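The following exercises concern the packing of helices and the lining of a pocket. Each task is followed by a solution in steps.

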Amino acid sequence: MKISAIIPAYNSQDYILDAIHSIQNQTHPVDEIIVIDDGSTDNTQQTLENQTSGIKYIKQKNQGPSAARNTGIKAAQGDWIAFLDADDQWTPNKIEKQLIALKHSPELHLIAGDMQEIDINNELITQSVLAKHKQLKQFQSNQSLPIRNALAELVNKNFIPTGTVLAKRSTLIEAGLFNAAIHFGEDLELWAKIASKHAITCLPEILMLRRLHGQNATTSTMPMLRDLVKVMQSIRQYSNDILVTQNINADKLVANAWANLGYGYFMNEDYQQAKSAFRNSLKEKLNKRALTYFIACFLPQKTIKIMRKIKQSLTTGQT
């Protein structure tokens, strides 16, 4: 069994050595480290020049992290792939813990885990992201075994941080790799494709430190909502039969994604786009939320603003 660690890097001169050192310092070593420089314009390449031992460096035109990871997967010699973003770090026994889980459950094709969040000075912000999302107890009770109805769990809430993943290379290729045309949620799409056919698990242990800073904060809400519609449509197309067996209505997933997009447009006072999104939601599956806001889009803007103020005051009063 050989493990390849893949690091997509874009203007990562400040943090990439920390990422590499966290891989090199594993209690169970990986077999190769591949850095995909995704068109950096800073000194990322120069920073790596003295780190050539055991590192394969590939530079490509800027195409985004998904395309960079795909390049790494294709170039990898390992039969298992691990990911780490250039500004994050693994905990020292990350790989060791995952291999223990694999030994206990050899049917696994993907093993993820919990993570902490740190700031630019390595100060702890979040002790456990799984606990933050009220998922930690669930995975603690699972005891690192294959997750039952994993696909249903994923579409309810993506519990897999990409930087914690250890997955079979052949399985990633079988699932079509990361969709480079999607910039938000492309990881969920890939994990869902894998979970629809293979056993996966999530360890209730900290495997990664995710660094929060201005450059990796998600501020593009509308592009994210638009991409999540594409993600849910893709999951429905690829995994509908499995979703049915796990008591998930795929049409409802897509309808909810359209409704969330419509609500985003509505809050931005783009009522024409909101109407279109809510209409698409209702075409997928009749739902009260989309219908209510679809009707509201036809009201005079002055009336809508009054209603929004009333709703805001009621919400504030409840808190």
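**Exercise 1: a helix pair**

The axes of α11 and helix α12 (residues 271–284) come within 8 Å and cross at roughly 165 degrees. The model is a predicted one, in which local features need pLDDT of at least 70 and side-chain atom pairs pLDDT 80 or more, while totals for chains, interfaces and linings use all residues. Residues are numbered from 1 along each chain as its sequence is written, and side-chain values use heavy atoms, without hydrogens and water.

Task: determine how α11 and α12 are oriented to each other, and which residues meet.

Step 1. Axes are lines fitted to C-alpha atoms, for helices over the stretch in contact, with angles from 0 to 180 degrees between N-to-C directions. Angles under 35 degrees count as roughly parallel, over 145 as roughly antiparallel, 65 to 115 as roughly perpendicular and the rest as oblique. α11 and α12 are therefore roughly antiparallel.

Step 2. The crossing of α11 with α12 is left-handed (the near helix is turned anticlockwise from the far one by less than a right angle).

Step 3. With contact taken as heavy atoms within 4.5 Å, the α11 side includes Val 254, Trp 258, Leu 261 and Tyr 265, and the α12 side includes Tyr 271, Ala 274, Phe 278 and Glu 284. By class, this contact has 12 nonpolar, 4 polar and 2 charged residues (Ala, Val, Leu, Ile, Met, Phe, Trp, Tyr, Cys and Pro are nonpolar, Asp, Glu, Lys and Arg charged, the others, Gly among them, polar).

**Exercise 2: a second partner of α11**

Task: describe how α11 packs with α13.

Step 1. The two axes come within 10 Å, at a crossing angle of roughly 30 degrees. α11 is therefore roughly parallel to α13.

Step 2. This crossing, of α11 and α13, is left-handed.

Step 3. Ala 259, Asn 260, Tyr 263 and Phe 266 of α11 meet Arg 289, Ala 290, Tyr 293 and Ala 296 of α13. Their classes are 6 nonpolar, 1 polar and 1 charged.

**Exercise 3: the second largest pocket**

Task: state the volume of the second largest pocket, and identify which helix gives the most to its lining.

Step 1. The volume is about 350 Å³. The pocket is lined by 14 residues, and the closest to its centre are Phe 266, Tyr 293, Met 307, Arg 308 and Lys 311.

Step 2. α11 (250–267), α13 (288–296) and α14 (301–318) each supply at least two lining residues. The most come from α14, with 8 residues.

Step 3. The lining divides into 8 nonpolar, 3 polar and 3 charged residues.

Methods
On a 1 Å grid over the protein atoms alone, a cavity is a set of points where a 1.4 Å probe fits but cannot get out, and a pocket is an open set with protein on both sides within 12 Å along at least five of seven lines; lining residues have an atom within 4 Å of a point. Grid points are joined across faces, edges and corners, and a volume is the space filled by probe spheres set on the points. Helices (H or I, at least four residues) and strands (E, at least two) are DSSP runs, numbered from the N terminus.
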